[in-house]
Every structure is written in C-alpha cells, then in structure tokens.
Amino acid sequence: MAPCRSASASSTRSPSPAKRPSSRSPSRSSTTPATSIRKRPRSRSCRVRAVRALLAAALLPVLSAASGPSAGPAGPFRVAGGLAGLAGQPRAVAVGDWNGDGKLDLALASAQPDGVQVLIGAGNGGYTSAGTLAAGRSPAAIVAADFNSDGKVDLAVASHDSNSVTILLGDGSSFQPGVTVDSGGAGPTSLTAADFNGDGAVDLAVVNATTGEVALLLGNGAGGFVAGPRYAVGRQPVFVTTGDMDRNGLADLVVLSQGSNEVFVLTNAGGAAFSSSVGFGTGDSPASAAVGDFNRDGLADIAVANQGSNDVTLLLRNGSGSFNSLTLHTVGSRPVSIVAGDFNGDASLDIATANFDSGDVSVLLGDGGGGFGVVKNYPVGANPVALGQGDLNHDGRQDLVAADLGSSEVAILLNNGVGVFGVSASFGVGTQPLAAGLGDFNRDGGPDLAVANYASNNVSILQRALPTGFLAASNFPAGGTNPAGVAVADFNGDGKLDMAVANFGSNNVAVLLGDGAGGFGAPTTLDAGFDQPVAIVAGDFNGDGRSDLAVVNEGSEQVTVLLGASGGFTSGGTFKVGKSPFAIVASDVTGDGIADLLVVNAQSNDLSVLTGDGSGRFGAATTVSVAARPLGLAVADLNRDGRPDVVVANGGADRVTVLLGSGGGRFTKAEDAKAGSQPRAIVVDDFNGDGKPDLAVANQGSNTLSILIGDGTGRFAAPTTITTAGGPSALVGADFNGDGKLDLAIVNQSANTVSVLFGHGDGTFGTTP
C-alpha cells in the first residue's frame, strides 16, 4: 500500500479556485510551443567554400522551410524536453551556432506575431530565449549561411505575405538588420542557400508558390542580393533544397511540385543557368525532401515526405541520370517535413519525418542499400510542422528538434546513439488534464503516471519505457464527470496498485482496481457524502495496514475520510477546513507516527492542519495564514532540523510561502520566495546533489517552471525559469529515464500533454527553452 507521502500535492481544479473548474476545452492556437518549420536537408558537396563551411560544419543540416502544410515509441532517441510558451506560431527552423560558443542554437521563423525567435543552446539540449527579430509578413521559411563573408552565421527569412526575403546579419553574438529584397515572385514558401553562379558568394533560391516558380537571388558576398533568373517548375511548387545531383561540383536544385505530385531536378550548368529535368513521380501532395546517398553508390538520391499519402518516396539516382522510385514504409499521419542523417552510427543514412496530424516524429533507420527498417514513432506535441537536426547536447550524435504548430512549442529529441530518440516532452493525454499520481502500475520497477483529465472524463496511464520516457497513453473511464484528482495505492491488498478518482462534476469517488500489468478494471463508485470533490490523497489513517482515502470537498468545505475495509471502504467522518479548499497532503507533521492532513484553502488564504488520532479521526483544524489564493503545497524538512516543514504555492501572490515546523504540528512563517505567475504545484527534492532541499514550482499563469535552489536553512535563491507547455497544472518528480537523477513530469492543462524534463543532477533540466 502507498505510505502517507511527504512529497507534493498539486491543485486538482481549474485555475480559478473561487469557481468550479471550466469544462470547456482549453483555448488552443493551431500550433504548440514551437511552430511550423521545415528543415532543409544537408547540402551535398556544393562548390561554395562559405556554404560548405557554414552549412556543413556550423549549422548542421539547416532547414529550408516551407509554409506549413498546404494547408510505438522508438528506439534510439530520448526526449530531452519541450520548449513551450513561444511567441507566435513558428513556421520554420534553422540550427546553427549564432554566438560562437560551440553550442548549437535555434532560430524559428514565426507568424502571429511575425518575426524570428532566437533560442540560445546550453550545450545539453536546453535552450533560453534571446528575443525576437523583425521580419516580413507571415515568415514561412528560414535558412542560415554566411552572406557577407565575415565568417559568422547570418539568416535569410522568406515572408509569404510580403513577398520578401529579409537578411539578418550575425555579428558573433546577435543579429543585426540587413537588406530586405523582393522574393522574385509571389507567395514564397521555401528557400535554400548555395553558390549557384560560382563567384564564391552565397546565393539564394526561393520557391514562390503563388506564381509557380523558383527565383534566384544572387549574393554579392557583402550581404546584398540582386535578382537572378527565374524558372517555372511543375504545378504549385512548394519546396526547394539543394545538392550536387550530377557530380559536377555545382549546386543543383530539387523542387517539389505539389500540384502534379512530382519532384524536379534543376541541374546547374554554371553561371546560375539551370536546366530542368522531367518530373519524377512521388506520393500524394509532396511536402518536403532530403538529399543524400541512401544506397552508398556515390550518387545523390532524394527522399520525399508525402503529406497526402502518409508515406516517404525514395528516388535512387541511377547511372543514366534518372531515378528509380520506391515508396517506403508508411510513416505517421501527414508528414510535412523530412531530414536525413546517420542516427545510429552505422555510416548509413537514416530519415526522420515530422507528422502534422499524428503529432509525432517517425524515424526510419537505413540499411545502406536503399532499404529501411520498421518505422518508430516519437510523440512530440500537437501538429509538428518542421524538423531540424544537429548535435544539440555535445555527445557526438545527431539529435532532432521538432517545431509544433498546434502546441506552440519546440520538442528536443536526444539521440542515444543507436537511432533511438527520447521525447522528454509532449506525451498526449486526455482533454484538460488537471492532476497526476505516481506509481509502478505494471510492476516493472519504473515509475508510471496516472493523469486525471477533467474535460474528457477519463484517466490516462503513461507507462515508462526506457529510454524514451513513456509509451503512448492508455485511457480508462473515470467513473464520473470532471475528474479533478487521482490517488494511487493498493486498495484491495492484492499487491497491485489501484486508483481512486475524485469526480468534481458527478460528486463521487471512483475506485479502479489495477491488474498489475498497467490495466485497470471498470470503476466502482462511491456516491454518498461528496460535494464537488476537488482533491484526494491516500494513506493509512487508522494504522490497520489498509489504504484509506481523504477527499477534499470544495462545495461543503470539508474533508471526507474513507477507511479501507475488506471489500471496500467505510466512513471515517467529515472534518471542516477553510474556504474553497483546493489541495491536500497527508504527512506526519506532529511527530507521533500518525498521519495528519494538510489542506490549502484558496479563498480564506490559509492552511488547515488536521491532526490524526490514529483511529481514522482528526481533530479540529488549526489554521495558519499564508498569502493570496494558495493552490498547492508540499511537505519536507526544508531546514534540515528533523522536523517537517510546509511550502505553499500562492496563486494570487506569485510566490511561495515557507512554513518552518517547530514541532507538534505548529509552524512559523519564514521568508517567502518568488515564483512565476499563478504558481499552482510544487515538488521538493535535492536537484543539484548538495544534500539541501530545492523547489520546483509550476506556474500556470506564465506557462513556466521555477527552479529554486535551497541553502538548507529554509531559504531559496532567485528562481531559474523554464518555459513549459500551456497551463501547467500538476507536477511530479521521479527518475523517469533511469539515470539516477531526478526528472520532472509536468501536466499541461491547456496543451493536453505531459512534458518530461530530464534532470542533469546539477539543478538544471534537459528541456530548458
């Protein structure tokens, strides 16, 4: 059975404690915290020294992005995390070292608002925002190269609605505005960079979808461009990339025609003069392409992601200059971006696609002969539109970055070296998730999660799967409406973990018995004595060795105690607390070996302490004042004096209150610590290995996580902020990837996801934005 926990309890209601949780779906833009970006495959040996040096060395495969789509956990990658709360809707991504520190950074072309968001890499898969740069209207694509020949990386951004290309010149620490030039047509959706006319300066090729052509912009080597030739290609061209397709040392163009379902190769005869091939057939509605030698015959091949047919077409170059076409394994739903790289270190090219509708990344490992293994999918968030690659954490392996339009986030997938990626962010759950419980539901020795989904009336079970984080969620009925809280324990004494769910809307508690393999039986409901149950906790309150329950009723402002008995539960009584009770923890705060109950009350701005007598009964509440609108709490020995202390998240004050225990269930208020906007949930643990308790606080108002490092006296340093997905409502700490370091799982109410931040053991986490 589960012991009384002195970890953390998060609020299980919607953000407004004065009101019943909203049952409507969270407001969502059509993207997640990153945006739609398309990655341009690594250029093959193009003639230009600058392009070769920058794109191949500094940038890794920089993406050339088109505007978004027209419109079983894998093996070698582990998700390091998701960067949520990005401004606008990202449409494209570029990867490179913007500040010269040897660590890869990101640049996201975003719309609504329009601009380029710059994220600086920490070298461990984490990122921090460096602000937003101006661009044209509706940026759709971005590419990085050295346009002014100063040895520093610059950016070119194609903006669909203004028919322009904006140059941003890097100075080694930031970017300065350069020229803005006409795109050479209407509706630019994609661009790529190389020396197309052999003068040693980097040029651009831009697809103008509305006018149906590819336009060359010829660089002068000083950051300026002049209009070059324009080439009509197919019907409705949408994407362009570059590579030396005929082995003459010149950069050729590969263009996708979405209207005719074809790929065209424009071969470079020198001096920016191109001749077009006939079209080669693809699948339905090709969206993105990657160039590489997939069968190791020394010839450049093409892999095409087809968003209409949900597959990848491989075109293998033959000795006559034509292509043999082969459609590969089906990937996820609506692949809109593709990259190629050696993900498992076998010297053979592999491919990865970002799948817009299924919210995942598909990885196919190549065999070096033009064949690929079984597809493996990694969830990354809602509507990924662009994919990039590079060694993001300095381990010598190619990692992946996905920009998610639907959840406005970036997901980082770190490579374990054998082609398996971990997705530390964005595991989909039900609608409007509010609370989470931790337990080993399948008895494999690893921590799993149970997530209560308020609007979809179910509970999602996420089973840990090394090294990727979690398997796809399994959903079970909550046994009522608007589940707001979940407790985990062995309620029937069979050695298998069960769940108890507090259903706010139907005023009941449902018990789901576990089968020990990650499954659960039909819910059994307890329907009497509840009034808007909003939070629930399990513990042994009468010392009989059975798991009991304490349920917080917001409507009656009472705690209902249910004592475990053979075959079910018996009533243990009701106990008055403060106004609008919101969250609960069970812990022995009096030092008598008997579990007590602590409840934060959002409207009376206080903490109720109910001391247990060992029979399942509790004394009258003792009240301790805190700050405005307390929404969550945790219990731990913060000052290392051997007595339990309490930390409270005050949603109306944007800070946490520290209450130091003085023995006997009494507390003294210490100095408050700053958090983000509307802090709601807390985890206490030693994140940096110094033996002193630290805090992690989920801030629902600012979509952030605050990490506060403790000094061992009950005081905490200024917070470090990590951006999360929308509406973080609950927080759980555990070692999810089995490396011996504490990780954090964040329940994102607005994004309908659980994000995992992998801890490094030094107080930092792998999904820092």
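**Cores, rings and backbone exceptions in a predicted model**

Let's start with the largest nonpolar core, which has 22 residues; Phe 541, Val 559, Val 561, Ile 584 and Leu 597 touch the most other members. Five strands give two or more residues each to this core: β44 (533-539), β45 (548-553), β46, β48 (581-587) and β49 (596-601). Another core, of 18 residues, lies apart from it. Among its members are Leu 106, Ala 386, Leu 392 and Ala 403. As background, nonpolar side chains in soluble globular proteins tend to be buried together. One caveat before I go on: this is a predicted model.

Stay with strand β46 for a moment. It covers residues 558-565, and Thr 560 sits in it. Is Thr 560 buried or exposed? Its relative accessible area is 6%, and the cut-off for buried is under 20%, so Thr 560 is buried. Where does its side chain reach? It goes to the backbone oxygen of Gly 529, at 3.3 Å. Now the contacts of Thr 560, leaving aside neighbours within four places in sequence. They include Gly 529 and Phe 530. Leu 549, Ala 550, Val 551 and Asn 553 are also in contact with Thr 560. Gly 573 and Thr 574 complete the list.

Next, the aromatic rings. How many aromatic pairs does a search of the whole structure find? Twelve. I'll show two.

First up, Tyr 231 and Phe 274. Their ring centres are 5.8 Å apart. The planes meet at 75°, and edge-to-face needs over 60, so this pair is edge-to-face. Tyr 231 is in strand β15, while Phe 274 is in strand β19 (residues 274-276). The pair therefore ties together parts that are 43 residues apart in sequence. Both residues are buried. There is a third ring to add here: Phe 196 forms one aromatic cluster with Tyr 231 and Phe 274.

The other pair is Phe 541 with Phe 618. This one is edge-to-face too, at 5.7 Å centre to centre and 75° between the planes. Which parts of the chain does it link? Phe 541 is in the loop between β44 and β45. Phe 618 is in the loop between β50 (606-610) and β51 (622-625). That puts the partners 77 residues apart. Phe 541 has 2% relative accessibility, so it counts as buried. Phe 618 has 8%, so it counts as buried as well. And recall that Phe 541 is one of the core residues that touch the most other members.

Last topic, the backbone. Most residues other than glycine have a negative phi, and most peptide bonds are trans. Here are three exceptions.

Where is the cis peptide bond? It joins Gln 112 and Pro 113, with omega at about 5°. Pro 113 lies in the loop between β5 (105-111) and β6 (115-121).

Then come two positive phi values. Asn 163 is not a glycine, yet its phi is about 50°. Its place is the loop between β9 (154-159) and β10 (164-170). With 25% relative accessibility, Asn 163 counts as partly exposed.

Gln 236 also has a positive phi, near 60°. It lies in the loop between β15 (225-232) and β16 (237-243). Strand β15 is where we met Tyr 231. How accessible is Gln 236? It has 40% relative accessibility, so it counts as partly exposed.

That's my tour. Questions welcome.

Methods: Residues are numbered from 1 along each chain as its sequence is written. This is a predicted model: local features need pLDDT of at least 70, side-chain atom pairs count only at pLDDT 80 or more; totals for chains, interfaces and linings use all residues. Side-chain values use heavy atoms; hydrogens and water are left out. Helices (H or I, at least four residues) and strands (E, at least two) are DSSP runs, numbered from the N terminus. Buried means under 20% relative accessible area, exposed over 50%, partly exposed in between (1.4 Å probe, protein chains only). A polar contact is a pair of N or O atoms within 3.5 Å; within protein, one must be able to donate a hydrogen and the other to accept it, and residues adjacent in sequence count only if both atoms are side-chain atoms. Contact means heavy atoms within 4.5 Å. A nonpolar core is a set of buried Ala, Val, Leu, Ile, Met, Phe, Trp, Tyr and Cys residues joined through side-chain atoms within 4.5 Å. Rings of Phe, Tyr and Trp (its six-membered ring) pair if their centres lie within 6.5 Å; planes under 30 degrees apart count as stacked, over 60 as edge-to-face and the rest as tilted.
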